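Student: Could we go through some of the terms used for this structure and test each one against its definition?

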Amino acid sequence: VIYSAATLSPYHLTTLSLFSFFSFPLHRKDSALHEFPATVSYPIVVQFVSNRGISCIPHTFDEQNKSFPEEMYTFVSEQSLKPNNMINPIYSPDSNRYDNGMKYRRCGRSGILLPEISLGLWHNFGDVNTLANSQAMAHYAFDQGITHFDLANNYGPSYGSAEETFGMIIKKSFMPYRDELFISTKAGHDMWPGPYGEWGSRKYLMNSLNQSLKRMNLDYVDIFYSHRYDPETPLEETLQALVDIVRQGKALYVGISKYPKEAAEFAYKYLAERDVHCLLYQGKYNLFNREPEEEGILRQAKENGTGFIAFSPLAQGLLTNRYINGIPEDSRMARGGFLKKEQLTEDVLSKIKALNKMAEERGQTLAEMALAWVLKDNLVTSVIIGASSVAQLEDNLKAIRNTSFTKEELIRL
């Protein structure tokens, strides 16, 4: 087998036979880099593999009837030739990723277990963010046992860019571990111009999923959602598209998001009658927004054997200590967007301060307590968090250490 220097790495060579033909740069111990012609291959014996290079013996090479001394040559890896070793090592997940404290909950009446904390890519994974930071967060999440990554067609910004970023991470890091991942995407909100670029038509849902699969470098997703209820399109058309997507093998499961209770009941029955179980209902649920609980969505999902996965558990940052002493200049609220300054009223601020005091009494941060509250009982399968850094992700994961609340605490909350 002939390899070029560009395709060699110490990691790849560990899986090769000790006796092979290679073409690569050699380094004389007593001189500068000596590179043989790239068109010639030299039989060598690998002596030692390290993270810096591979020591090897040139074997029976003859140049003008002279053999090179065996001890004079050492393979110089591509990484060691770069200043400051600037090439990232090949990603290898933590071997203890399923023993790092992550807990898993069964998703309704199904064989699927989801981590209590899932990583959402709504923000901070778009083309306005650095790939290095996005990749670092995805790596850290998986290393901590987070197997579920939640996306949608228009996550970014810009639209589609979160899926493109995740597709690069799949290709560079996660492809060997695809079967350990549970990946979702959705369609329903605005995605492209014209009458077929949003809502719940069969054309939109199927075209959107095809685009998503290409962006993410995937053959299928684990779950595909109807991202919102469409009051104009017959619900049968939307749901039949979900059924057919499963039968085409482009999604293993389907779910619904933000559906009103009556529409959700119809969806559960329609899908079940066609042997396509609705695996998940995704809804907004946090200490400030308890509609799924108050409207019976949580109980309805459980009765139909469907899991519930919560998004926006921190109310886009309100349920943290970030705004207790004002609005930081680098905060999401200061930048505008979905979280408006008008939302931080005196009443809301007083509630945040009271909640923060209670969290301190529990030995938690406000964010940790807010996440723990969503996971307080078995009505919720998983909670989707967003993060802008590995440090923030690390802090939020501390929530699963204590998700129990006393009766007195629940009354106060």
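Tutor: What follows takes helices, strands and burial in turn. The model is predicted, so local features need pLDDT of at least 70 and side-chain atom pairs count only at pLDDT 80 or more, while totals for chains, interfaces and linings use all residues. Residues are numbered from 1 along each chain as its sequence is written, and side-chain values use heavy atoms, with hydrogens and water left out.

Student: How do you know that the span of helix 6 agrees with its 13 residues?

Tutor: Helices are DSSP runs of H or I with at least four residues, and strands are runs of E with at least two, numbered from the N terminus. The expected span is 1.5 Å times one less than the number of residues; for helix 6 (residues 235–247) this gives 18 Å, and because the end C-alpha atoms are 19 Å apart, the two agree.

Student: What makes strand 14 mostly covered?

Tutor: Buried means under 20% relative accessible area, with exposed over 50% and partly exposed in between (1.4 Å probe, protein chains only). In strand 14 (residues 182–187), six of six residues are buried. Phe 182, Ser 184 and Lys 186 point one way, Ile 183, Thr 185 and Ala 187 the other way, and all are buried.

Student: Why are strand 14 and strand 15 called paired, and what direction do they run?

Tutor: Two strands pair if DSSP finds at least two bridges between them. Four bridges join strand 14 to strand 15, and the strands run parallel, so they meet the definition. Within strand 15, Tyr 225 stands opposite Lys 186.
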